[in-house]
Amino acid sequence: MKRYVGIDVAQEQCALCIVDDAGAIIFEGSCATDPDEIVRAIAAEVDDVEKIVHESGPLSIWLTRELIKRGAPVVCIDARAAHKVLSARMNKSDKSDAAGLAQLARTGWYGEVHVKSEASDQLRLVLSARERLIRIRMDIEGQARGLLKAYGIRLGPVNAGYSRQSFRDQLGVAIKGEPNLEMIFASLIAVHEAVCLEATAIDAKVQQLAKDTPLARRLTSIPGVGPIVSLSFIATIDDVTRFGKATDVGAYLGLTPRRYQSGETDWSGRISKRGDGAMRKLLYEAANILIQRVARFSPLKAWAMRLVARRGMKKAMVATARKLAVIMTRIWRDGTTFAWTKEELPA
């Protein structure tokens with residue numbers, strides 16, 4: 001007889017439910033959110049299990065990896081899809097959710113979530129740290145500009161320079177001779193300088209990482225795609241072989257239209273916006289650069305410009321972002337670089 005386990009994971013405690021292949025509950029209980037405790041709790045009730053299922057969440061990546069290391073047949077499933085099934089139950093509790101997950105494990109009616117590799121997570125960590133530092137820098141600058149406008153002081157644009165020194169120079173000149181303003185903005189200037197220095201340092205690391213990664217170098221051969229876009233794409237996709245077709249990447253990143261069909265009704269709406277929003281934004285920016293800033297023509301740009309003329313700029317940029325994702329996937333798979341002319345395209 002096969003056994004299936006559902007785990008409802010919380011910060012401190014996990015709810016466990018074990019069912020047999022007929023759906024009858026064998027065990028219900030709880031244990032600490034620790035891989036060793038979970039394995040011990042299951043082993044104390046049954047000798048062998050067919051499948052262990054838990055939902056995606058903040059601890060799901062760590063928990064899945066640790067259970068796999070211990071030889072457990074664990075599967076992480078999409079929490080949004082599981083919610084639709086679990087919400088059909090009359091009462092909501094950790095116990096009932098674990099029982100519902102166990103039944104999903106038994107029926108196989110779930111969508112498995114790909115748990116990314118540790119290398120991918122480390123790359124995402126570097127990119128996320130860079131993005132956060134830049135966001136903090138922008139927040140400080142925006143707050144300083146807004147506060148000074150109350151005194152009629154309007155700062156000018158920041159010139160390109162090392163660690164945005166010109167912004168601090170402008171700010172220092174604007175508040176000079178005003179003791180109250182100097183006291184208020186002294187801490188903002190110090191924090192801004194520290195953040196800019198760290199952002200510059202981590203940006204240099206990201207640039208060097210892109211140069212040292214052969215795949216990233218091949219992806220940056222695509223017009224509009226730079227080091228940040230290429231590295232983010234590598235970290236987001238992680239394993240390109242999990243897509244049956246290159247065009248599936250567009251749906252994975254939420255760049256394909258929603259569709260509703262029932263009876264005589266059949267319509268397509270806006271893009272689904274599923275998946276990684278940050279990656280989708282980067283692809284949109286890359287499409288904008290390709291259309292408006294890349295001077296050299298290619299079959300890709302010609303296609304995008306025809307789309308702009310036919311459907312407008314916004315729709316063309318979304319379609320071009322999806323096209324870029326597909327091209328990056330094909331280049332990843334084939335080990336090639338971007339073909340700037342039709343003659344360079346593989347036969």
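Is C14 buried or exposed? Select C14 and take a look: with a relative accessibility of 1%, C14 counts as buried. Keep in mind as you click around that this is a predicted model.

**Stop 1: two cysteines**

Keep C14 on screen and add C31 to your selection. The sulfur of C31 is the nearest cysteine sulfur to that of C14, and the gap is 5.3 Å. Why is there no bond between them? A disulfide needs two cysteine sulfur atoms within 2.5 Å, so 5.3 Å is too far for a bond. C14 is therefore in no disulfide, and the count for the structure comes to zero disulfides. Now check the surroundings of C31: this residue is buried as well, with a relative accessible area of 8%.

**Stop 2: P35 in helix 1**

Next, select residues 35–43, and you have helix 1, where P35 is found. Is P35 tucked away or out in the open? P35 has 3% relative accessibility, which means that it counts as buried. Which residues does P35 touch, leaving aside its neighbours within four places in sequence? Show W62, L63, E66, L67 and R70, and you have its contacts. While you're here, try a distance between C-alpha atoms: P35 and L59 are 24 residues apart along the chain, and their C-alpha atoms are separated by 11 Å.

**Stop 3: helix 6 against helix 7**

Now colour residues 165–175, which form helix 6, and residues 179–212, which form helix 7. Their axes are 11 Å apart, and the helices pack at an angle of about 175°. Angles over 145 degrees count as roughly antiparallel, so helix 6 is roughly antiparallel to helix 7.

Zoom in on where they meet. From helix 6, show F167, R168, L171 and I175. From helix 7, show L181, E182, F185, I189, H192, E193 and C196. What classes of residue make up this contact? There are seven nonpolar residues, three charged ones and one polar one.

**Stop 4: D276 in a loop**

For the last stop, go to D276, which sits in the loop between strand 7 (265–271) and helix 11 (277–292). Leave out residues up to four places away in sequence, and D276 touches R124 and T236. Show the side chains of D276 and R124 to find a polar contact of 3.1 Å joining them.

Definitions and conventions: Residues numbered from 1 in each chain as written. Predicted model: local features only at pLDDT ≥ 70, side-chain atom pairs only at ≥ 80, totals over all residues. Heavy atoms only, no water. Axes fitted to C-alpha atoms, helices over the stretch in contact; angles between N-to-C directions. Helix = DSSP H or I, 4+ residues; strand = E, 2+ residues; numbered from the N terminus. Parallel < 35°, antiparallel > 145°, perpendicular 65-115°, else oblique. Contact = heavy atoms within 4.5 Å. Nonpolar A, V, L, I, M, F, W, Y, C, P; charged D, E, K, R; others polar. Polar contact = N/O pair within 3.5 Å; in protein donor to acceptor, adjacent residues only side chain to side chain. Buried < 20%, exposed > 50% of the residue type's maximum accessible area, 1.4 Å probe, protein only.
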